[in-house]
Amino acid sequence: MANLKEIRNRISSVSSTMQITSAMKMVSAAKLKKAQDAITAMRPYADKLTELLQNLSASLEGDSGSVYADNRIVKKVLIVSITSNRGLCGAFNTNILKQSVHLAENVHAGKEVDFLAIGKKANDFLGKRFNVIANHSKVYDDLTFDNVSEIAESLMQLFTDGAYDRIEIVYNKFKNAATQIVMTEQFLPIVPLEVEGNSSADYTFEPSKVEIIEQLIPKSLKTQLYKGIRDSFASEHGARMTAMHKATDNATEMRDQLKLTYNKARQAAITNEILEIVGGAEALNN
């Protein structure tokens, strides 16, 4: 059995760890509320924008001629992996990295695959095995639509220049604090939009439908990327809050076990001392 000093040191260490994980849990909970409100408020706008684009596209005769809808033979693929800058959030980053590697080595096997990292974890891991063309981890320092739009514009430029034939996004979709869903979305070329009927036939458009679509598509692509990063940001805090909650519970349980062990060891030491005293007294009497 370990000596009393060693057990006391372990109890002190576990207690300190418990205080840290508990504080991190509270910080993540506070940040989660703000991030959750942001993505919840954004989703209706993004869905409505997509619905509007669907209605307009369905009313057009033939291809609108958008450069972002150019379906080429896929030879070069760019995967945008969205992770966090920090760890201690359970399997949040691991799931994204596993899916990214799966896409590169299985789904797009035989093709030239590059990565664009959003988050230090993606850059550090993927950079050891694949070609990472850029790392935009600083976007989390000021997560605004304008800053994300710059990244989206660079992706659109890469596609229109022919550098890549397909661009995909991998991120965690926020469901609740304990659940994140790994999503893989095709960013470019834009997925063909199909809708039954012609719901926009009764509207008069100014300017033309084609001109409106040409303006809506870049806006929709920027919104899609921004929503993905916002989803990932909220998921990160939810995953970290859950992970720190479990860590705090485990530390509490370990501390209680160590205290029980300490009390047993202390009781055994006291009993031995009493036995030694009684034995010494009997020896003197004899």
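**A chat about the fold**

Reader: Hi! What share of the contacts with a separation of 6 or more comes from residues 24 or more positions apart?

Author: In this protein, they account for 79% of those contacts. Contact here means heavy atoms within 4.5 Å.

Reader: Thanks! What kind of model is this?

Author: This is a predicted model, where local features need pLDDT of at least 70 and side-chain atom pairs count only at pLDDT 80 or more, while totals for chains, interfaces and linings use all residues. Residues are numbered from 1 along each chain as its sequence is written, and side-chain values use heavy atoms, with hydrogens and water left out.

Reader: Which elements does the chain run through?

Author: The protein has five helices and five strands, and from the N terminus they run α-β-α-β-α-β-α-β-β-α. Helices (H or I, at least four residues) and strands (E, at least two) are DSSP runs, numbered from the N terminus.

Reader: How are the strands ordered in the sheet?

Author: The five strands form an open sheet in the order 3-2-1-4-5, with mixed pairing. Strand 3 (131-135) and strand 5 (179-188) are at the edges and have a single partner strand each, so one side of each has no neighbour in the sheet. Two strands pair if DSSP finds at least two bridges between them.

Reader: In what sense do strand 1 and strand 2 pair?

Author: Strand 1 (residues 76-82) pairs with strand 2 (residues 112-118) in the parallel sense, over seven bridges. Leu-78 faces Asp-114 in strand 2.

Reader: And which helices lie across the strands?

Author: Helix 2 (residues 92-107) lies across strands 1, 2, 4 (166-176) and 5, at about 150° to strand 4. Helix 4 (residues 145-160) lies across strands 1, 2, 3, 4 and 5, running at about 45° to strand 5. For these angles, axes are lines fitted to C-alpha atoms, for helices over the stretch in contact, and angles run from 0 to 180 degrees between N-to-C directions.

Reader: Switching topic: is Thr-83 buried or exposed?

Author: Thr-83 has 0% relative accessibility, so it counts as buried. Buried means under 20% relative accessible area, exposed over 50% and partly exposed in between (1.4 Å probe, protein chains only). Thr-83 sits in the loop between strand 1 and helix 2.

Reader: What does the side chain of Thr-83 reach?

Author: It reaches the backbone nitrogen of Ala-122 at 3.0 Å. Residues that Thr-83 touches beyond four places away in sequence include Phe-92, Ile-118, Tyr-140 and Ser-232.

Reader: Cool. Which residues touch the most other members of the largest nonpolar core?

Author: Of its 40 residues, Ile-167, Phe-187, Leu-188 and Leu-225 do. Such a core is a set of buried Ala, Val, Leu, Ile, Met, Phe, Trp, Tyr and Cys residues joined through side-chain atoms within 4.5 Å.

Reader: Which element gives the most to this core?

Author: Helix 5 does, with 11 residues. Another core, of 15 residues, lies apart from the largest one, and Ile-79 and Phe-130 are among its members.

Reader: Last one: where is Phe-145 found?

Author: Phe-145 is in helix 4, and at 24% relative accessibility it counts as partly exposed. Beyond four places in sequence, Phe-145 is in contact with Lys-219, Lys-222, Thr-223 and Tyr-226. The C-alpha atoms of Phe-145 and Lys-227 are separated by 9.3 Å, with the two residues 82 apart along the chain.

How values were computed:
A polar contact is a pair of N or O atoms within 3.5 Å; within protein, one must be able to donate a hydrogen and the other to accept it, and residues adjacent in sequence count only if both atoms are side-chain atoms.
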